[in-house]
Amino acid sequence: MAVESINSQRCNGCGICVQSCPADVLRMDGERKKVVIRYPDECVVCCWCIAECPTDAIVLTPTRYNRIFTSWG
Amino acid sequence: MDAIRDLKKYTCDVLVVGGGMAGCFAAIKARQKGADVILIDKGYVGKSGQSPYAGSFMVFNPQWGHDLGAWMEQINRISEYVNNREWTQLTLIQSYERYLDLVSWGVRFHANDKGEPVRFPAPSGVTEQLRFEENKHGDYVQILRRQAIKVGVRIMDRIMLTELLKSKGRIVGGMAISVDEPILYVFQAAATILCVGACGIKPAAYPPIVQLTGDGEAMAYRSGAEILGKEFVDVHISRRDIPAGIPNMLGRKQTIPPGLEGLQGPRRGGHLFNAEGNPLPPRPEGASRYMFTYLETEFEVHAGRGPITTDAPDGLKEMTSGACLGMSLRKADGLWPADLEGRSTLPGLFAAGDALGTMQNGSAYALTGSAIASSAVTGTLAGEAAAWEATQMVERDIPLAEIERAQLYVLEPIKRKGGFSPQWVTQLLQNTLMPYFVSYIKRADRLEAILSLVMYFQEQLVPKIFARDLHELRLAHETKNMVLSAEMRLRSALYRTESRGNHFREDYPHRNDPEWLAWVKIRLTDGRMELCKVGIPAAWYPDLNKPYSERYPYRFPGE
């Protein structure tokens with residue numbers, strides 16, 4: 001995983017990071033109006049989300065590893 | 001599992017697919033010609049694809065003292081004579097107008113105190129480039145998005161075109177999925193322009209191409225369009241500790257925490273060293289920077305002298321090559337252009353940007369900044385031609401049977417109860433193509449071995465890929481498209497029995513001018529992938545009376 005966590009105290013639910021993510025890793029939790037990490041396996045550490053986040057709510061680490069998938073996922 | 005319940009139908013004159021430089025230009029220009037335009041993107045128009053990462057924009061302008069003959073001579077030579085000179089010249093000549101468009105829309109370039117654009121010399125030769133304003137230059141595509149909205153383009157984000165729709169031999173739009181809502185979209189259009197970019201296989205070392213999975217060429221190929229340029233590989237290299245250094249490329253250094261800053265490739269003037277501490281030989285005058293670097297790097301590793309390091313500003317750092325695995329040299333692969341207005345060989349279907357095989361840089365990248373300039377040029381040409389075509393096209397109905405056919409194809413992965421996960425098949429494909437001795441240093445026996453594996457994926461795994469939700473439905477189609485592209489790449493590499501530019505064959509280490517001043521064209525014939533050779537015009541041949549060593553300053557290993 002590269003996107004580690006989102007600080008829900010800081011996240012203001014603007015959704016800019018959801019738009020910016022090229023790999024569809026982040027989604028908006030409509031009820032809580034907060035962003036959640038929905039598909040972390042697809043993160044490619046492109047850094048758009050942290051570069052765009054107005055409240056510095058996203059924690060990204062330089063480490064990326066590929067999960068070992070079974071054939072059915 | 002998301003059950004897709006609704007089918008929404010949209011009608012327009014011109015459907016533009018992909019919202020980078022080419023797509024935004026195509027949409028804006030078609031709209032300015034009076035067409036009703038819908039612009040869709042599987043990500044977000046203004047943020048997706050490679051466009052936001054472009055640093056420089058090639059501008060040719062005789063008023064700045066640029067000489068067309070000298071520029072063309074440089075490009076023809078570095079591209080090893082298989083560039084399409086008509087497209088090369090068109091890109092040069094129209095680049096200044098597109099630069100003026102960008103400026104008028106609010107895009108800013110590096111300027112001096114007088115407000116004049118600063119012209120940077122390209123790494124080699126006579127050509128020059130401008131640079132997008134350094135601070136947050138990645139934002140310029142969002143200026144294009146705003147311009148598109150301003151002129152009345154309808155934008156739909158997070159919608160992935162998945163299959164083209166045909167009526168009476170003509171493309172009349174396409175079917176798309178959403179990653180957010182269980183809705184199937186049908187776009188009915190007089191003309192469709194594919195601006196979906198290149199095709200990689202989601203290499204870890206180059207995030208900008210994570211979305212670029214060859215969707216356009218796969219759809220077009222299945223519908224009967226012709227493809228070219230798959231044998232010329234993209235040869236970007238990357239720093240191992242920080243793949244591709246994306247934040248720098250976006251111009252956002254100030255917001256990036258330590259450990260994530262990075263840079264991509266050796267900087268200009270930077271040197272490469274092998275594990276014994278010896279510098280790699282300097283690039284011969286006239287050879288392509290990219291081609292030279294990748295081959296020298298691979299052969300040092302091959303000789304057991306890896307890792308290769310670069311003297312980066314923050315110390316010696318390990319390099320890896322194959323950063324853009326799966327991708328072709330920019331503007332090489334894509335739809336075969338039927339004319340100089342972005343038409344494909346399929347009526348109603350256009351392409352622009354990296355999705356169009358203009359071959360403007362031939363077999364090796366000769367002109368820094370020309371990829372993004374060309375996207376603006378081809379986007380404009382295709383947008384205007386498509387708008388004109390829409391005025392001629394009255395009948396646009398899509399037969400119900402065609403919609404049902406496409407629906408079966410598009411929804412197949414999500415209707416399966418089980419099978420193979422798209423992520424697993426993608427990983428298999430990456431691991432199969434990744435070794436340098438497969439994709440970069442090629443030889444018939446290895447290419448055939450890998451092709452047999454890829455054909456196994458194609459025949460046995462791809463039909464059984466399943467999706468648990470809409471996110472995976474996107475992945476499923478991306479994976480299918482990447483496997484198809486891999487087959488095209490391997491077959492083209494086998495077919496071209498010579499070395500030239502970014503295509504190196506260990507078993508044919510020479511350029512073979514009598515046989516191969518030609519392009520390789522691919523099409524679907526009777527359910528099989530058919531390849532053929534199309535010679536370039538004789539007027540574009542190099543001077544065959546000159547000795548080989550003068551025609552080609554760079555020696556391939558083994559020559």
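## A walk through a two-chain model

Let's start at a sharp turn: in the hairpin of β17(B) and β18(B), two residues sit between the strands, and D526(B) there takes a positive phi near 50°. Strands like these (E, at least two residues) and helices (H or I, at least four) are DSSP runs, numbered from the N terminus. This is a predicted model, where local features need pLDDT of at least 70, side-chain atom pairs count only at pLDDT 80 or more, and totals for chains, interfaces and linings use all residues. Residues are numbered from 1 along each chain as its sequence is written, while chains are lettered from A and ligands numbered from 1 in the order in which they are written.

Stay with that hairpin for a moment. Strand β17 (residues 518-525) of chain B runs antiparallel to β18(B), and eight bridges join them; two strands count as paired if DSSP finds at least two bridges between them. One of the matched pairs is L524(B) with its bridge partner M529(B) in β18(B). How many of the eight residues of β18(B) are buried? The count is zero, so to speak a bare strand: β18 (residues 528-535) of chain B is hardly covered. Here, buried means that 20 or more other C-beta atoms lie within 10 Å of a residue's own, exposed means 12 or fewer, and partly exposed is in between, with C-beta atoms placed from the backbone.

Now zoom out to the whole of chain B. You'll find 15 helices and 18 strands in it. Its radius of gyration is 22 Å, close to the 24 Å that the globule rule gives for 559 residues, so chain B is as compact as a globular protein of that length. (That radius is taken over C-alpha atoms, and the rule is 2.2 Å times the number of residues to the power 0.38.) Along the principal axes, the C-alpha atoms of chain B fill a box of roughly 65 × 60 × 55 Å. Of its 559 residues, 55% count as buried. Among the contacts in chain B between residues at least 6 apart in sequence, 76% join residues at least 24 apart; a contact means that two C-beta atoms, placed from the backbone, lie within 7 Å.

What about the inside? In soluble globular proteins, nonpolar side chains tend to be buried together. The largest nonpolar core in this model has 180 residues, and V14(B) and I193(B) have the most contacts inside it. Such a core is a set of buried Ala, Val, Leu, Ile, Met, Phe, Trp, Tyr and Cys residues joined through C-beta atoms within 7 Å. Leaving out residues up to four places away in sequence, V14(B) touches ten partners' worth of company, including A30(B), V37(B), I193(B) and A390(B).

Chain B is also assigned domain 1 (238-320) and domain 2 (400-551), with bounds from an automatic or database domain assignment. Seven residues from domain 1 of chain B and six residues from domain 2 of chain B take part in the contact.

Next, look at a small open sheet in chain B, where three strands line up in the order β3-β5-β4 with antiparallel pairing. β3 (56-58) and β4 (120-121) of chain B stand at the edges, each with a single partner strand, so one side of each is left without a neighbour in the sheet. Three bridges link β3(B) and β5(B), and S56(B) stands opposite R131(B) in β5(B). E128(B) lies in β5 (residues 128-131) of chain B and counts as buried because it has 22 C-beta neighbours inside 10 Å.

A few loops deserve a visit too. K168(B), in the loop between β7 (159-167) and β8 (170-178) of chain B, has a positive phi near 50°. Is K168(B) buried or exposed? It is exposed, with 10 other C-beta atoms within 10 Å. K331(B) has a positive phi as well, near 75°, but K331(B) counts as buried, with 31 C-beta neighbours inside 10 Å. Elsewhere, a cis peptide bond joins G306(B) and P307(B), with omega about 0°.

Finally, meet chain A, which has two helices and four strands in the pattern β-α-β-β-α-β along the sequence. Its radius of gyration is 12 Å, which agrees with the value near 11 Å for a compact globule of 73 residues. Of those 73 residues, 37% count as buried.
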